[in-house]
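Hi everyone, thanks for making time this morning. Let's walk through a structure together, a few residues at a time.

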Amino acid sequence: MKRFAPRRLARLLALMMALTPLATDAYLPAIPDIARYLGTEASAAANSMSLYLLGFACGQVIFGPISDRIGRRPVAIGGIIVFFLSSLALAFSSSLMMFCSLRFVEALGGGACSVNAAAVVRDRFSGRESARMMSTMTMILLLAPLGAPSLGALLNNYAGGWQAIFLFLAIYALVALTLVSRKLPETAVLSGHAEGLATIARRYGRVLGHRAALGYIIAVACSYAGIFSFLSASSYLCINYYKVPEWIYGLMFTGNIILVLGANRLNLSLLKHHSPHDILKVGMMLQLGFGVMALLTVALRLDAAWTLMPLVIIFSSMNGLITANAISSMLDYFPSMSATATAALGCIQFSSGGIGSFIVNAFGDYGPWPLVIMLTSVGVISNVMFRLLSEAHARTTSREGLAEKPHAELEDSSLRT
């Protein structure tokens, strides 16, 4: 296997994974203009976010097992090509149906890239090393959403309209395709035998039927449901409900990304002395605490942009202590089918994000209530289910020992590649 410096590999994988945050965040400022051009309501155009998340989840489910079967490189390259072509076509959309359909196809390509990136990490690392690699990738990856809304606004206002945003995405995908096709090593150990749908279904059943792994999956899914609820509601709440100027809203969005970067940097430091499992648990409890504080702020009628939004932003930033640690911990149970396990997690993760986004948008007329109820609810669910499913297992299995020697025996031998 070709040797590859961890930081260099992290940069390459982050470049590939950045397709989706760019696709979801860069077009946000242009949604009203897209709606006017397509002759529809802004809420209908905004629902393309939920459709993208659904396509992203489907892409991971479809291409995860394929990646385990034929390798990481061909699936990643194919995913980027799909993303490139659909982004190019989106710039020429003439109806809402065409726009939403192409967004779904674009998301399929993004899902293929994302599921491969996590699988490559698991192919090469485990335990704390895997969590550190995930955090490093996330820190690099967050540079995309950090500037994506501002870039989207500039392209929309000064570079020819919302179509320029999707032309930019196509150009970015072309650059990613060039680098990935030249530099991404093949890390999968291929079995050389074909697998039917029944075998793939058993693989997914094995992942979702593993109690401890399911606890980690739910932790990530709940965190993303809260984050995408915030992303969907933030523009309306800040600009329309609390009458915050757009430039201040942009600063709030930037502040959120900076805090997430800080949380990931903190996670890298904590991993030197603590297990991913323990750090994850603290992150989940902090998320619940800030969700409850946001709910109380609205219930006591103390809510304003300056009192509520900082709590919501800190809630979102705690994802830096959750996702990388949950994914690395979960993948330690499935060393020989990491792409399939990542696909199962990604499907639930982004479906939950889409559902959270849809629910908050559907009840947008109720002001901040849908958002704070969602944040508190997912905080309660994640903490309770994590303790019921994963915490009991942690009492009998040393996570440090698992990091050093993954329990491959937890996988069904008939499902090994």
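Let's begin with Phe358, which you can find in helix α17. Keep in mind as we go that this is a predicted model. Is Phe358 buried, partly exposed or exposed? With a relative accessible area of 48%, Phe358 is partly exposed, because partly exposed covers the range between 20% and 50%.

Phe358 has company on the surface. Together with Ile355, Ile359, Phe363, Tyr366, Trp369 and Ile373, Phe358 makes a nonpolar surface patch of about 730 Å². Two elements give two or more residues to this nonpolar patch: α17, which spans 338-362, and α18, which spans 369-396. Which of them gives the most? That would be α17, with three residues.

Now let's turn to a surface patch of another kind. Arg7, Arg8, Arg11, Arg132, Arg265 and Lys272 gather in a patch of positive charge. Where does the largest share of this positive patch come from? Helix α1, residues 6-17, supplies three residues, the largest share. If you'd like one residue to click on, try Arg7, whose place is in helix α1. Arg7 has a relative accessible area of 67%, so Arg7 is exposed.

From the surface, let's go inside. Please find Ile80 in helix α6, which runs over residues 72-90. The relative accessibility of Ile80 is 0%, so Ile80 counts as buried. What does Ile80 touch, if we set aside residues up to four places away in sequence? The partners are Met16, Leu19, Cys113, Ala173, Ala176, Leu177 and Val180. For a sense of distance, take Ile80 and Phe104: they are 24 residues apart along the chain, and their C-alpha atoms are separated by 14 Å.

Val207 is our next stop, in helix α11, residues 197-208. Val207 counts as buried because its relative accessibility is 0%. Leaving aside neighbours within four places in sequence, Val207 is in contact with Ala213, Ile217, Phe334, Met337, Ala341 and Ala344. There is a sequence gap to look at here as well. Val207 and Met330 are 123 residues apart in sequence, and in space their C-alpha atoms are 9.2 Å apart.

One more buried residue before we talk about charges, and that is Asn256. Its place is in helix α13, residues 246-270. Asn256 has a relative accessible area of 4%, so Asn256 is buried. Apart from residues up to four places away in sequence, Asn256 touches Phe230, Ile313, Ser316 and Ser317.

Now for the salt bridges. As a reminder, side chains of opposite charge can pair when their charged atoms come close. How many salt bridges does the structure hold? It holds five, and I'd like to show you some of them.

Let's look at Arg72, which forms a salt bridge with Asp68; the closest N and O atoms of that pair are 2.9 Å apart. Arg72 also forms a salt bridge with Asp123, and here the closest N and O atoms are 2.8 Å apart. Why is the pair of Arg72 and Asp123 said to tie together parts that are 51 residues apart in sequence? Because Arg72 lies in helix α6, while Asp123 lies in helix α7, residues 96-124.

How covered are these residues? Asp68 counts as buried because its relative accessibility is 4%. Arg72, with a relative accessible area of 3%, is buried. Asp123 has 24% relative accessibility, so Asp123 counts as partly exposed.

Staying with helix α7, let's look at another pair. The side chains of Arg103 and Glu106 meet in a salt bridge, at 2.9 Å from N to O. Both of these residues lie in helix α7, three residues apart, which is about one turn of the helix. Are Arg103 and Glu106 buried or exposed? Arg103 is buried, with a relative accessible area of 0%, and Glu106 counts as buried at 0% relative accessibility. As for networks, salt bridges that share partners join Asp68, Arg72 and Asp123 into one.

To recap, on the surface we visited a nonpolar patch of about 730 Å² and a patch of positive charge. Inside, we met Ile80, Val207 and Asn256, which are buried. And we closed with a network that joins Asp68, Arg72 and Asp123 through salt bridges. Thanks for listening!

Terms used
Residues are numbered from 1 along each chain as its sequence is written. This is a predicted model: local features need pLDDT of at least 70, side-chain atom pairs count only at pLDDT 80 or more; totals for chains, interfaces and linings use all residues. Side-chain values use heavy atoms; hydrogens and water are left out. Helices (H or I, at least four residues) and strands (E, at least two) are DSSP runs, numbered from the N terminus. Buried means under 20% relative accessible area, exposed over 50%, partly exposed in between (1.4 Å probe, protein chains only). Contact means heavy atoms within 4.5 Å. Patches are made of residues with over 30% relative accessible area and no salt bridge: like charges are joined within 9 Å, nonpolar side chains (Val, Leu, Ile, Met, Phe, Trp, Tyr) within 5 Å. Accessible areas come from the Shrake-Rupley method with a 1.4 Å probe; for residues, only the protein chains shown count as cover. A salt bridge is a side-chain nitrogen of Lys or Arg within 4 Å of a carboxyl oxygen of Asp or Glu. Lys and Arg count as positive and Asp and Glu as negative; His and the chain ends are not counted. The place of a charge is taken as NZ of Lys, CZ of Arg, CG of Asp or CD of Glu.
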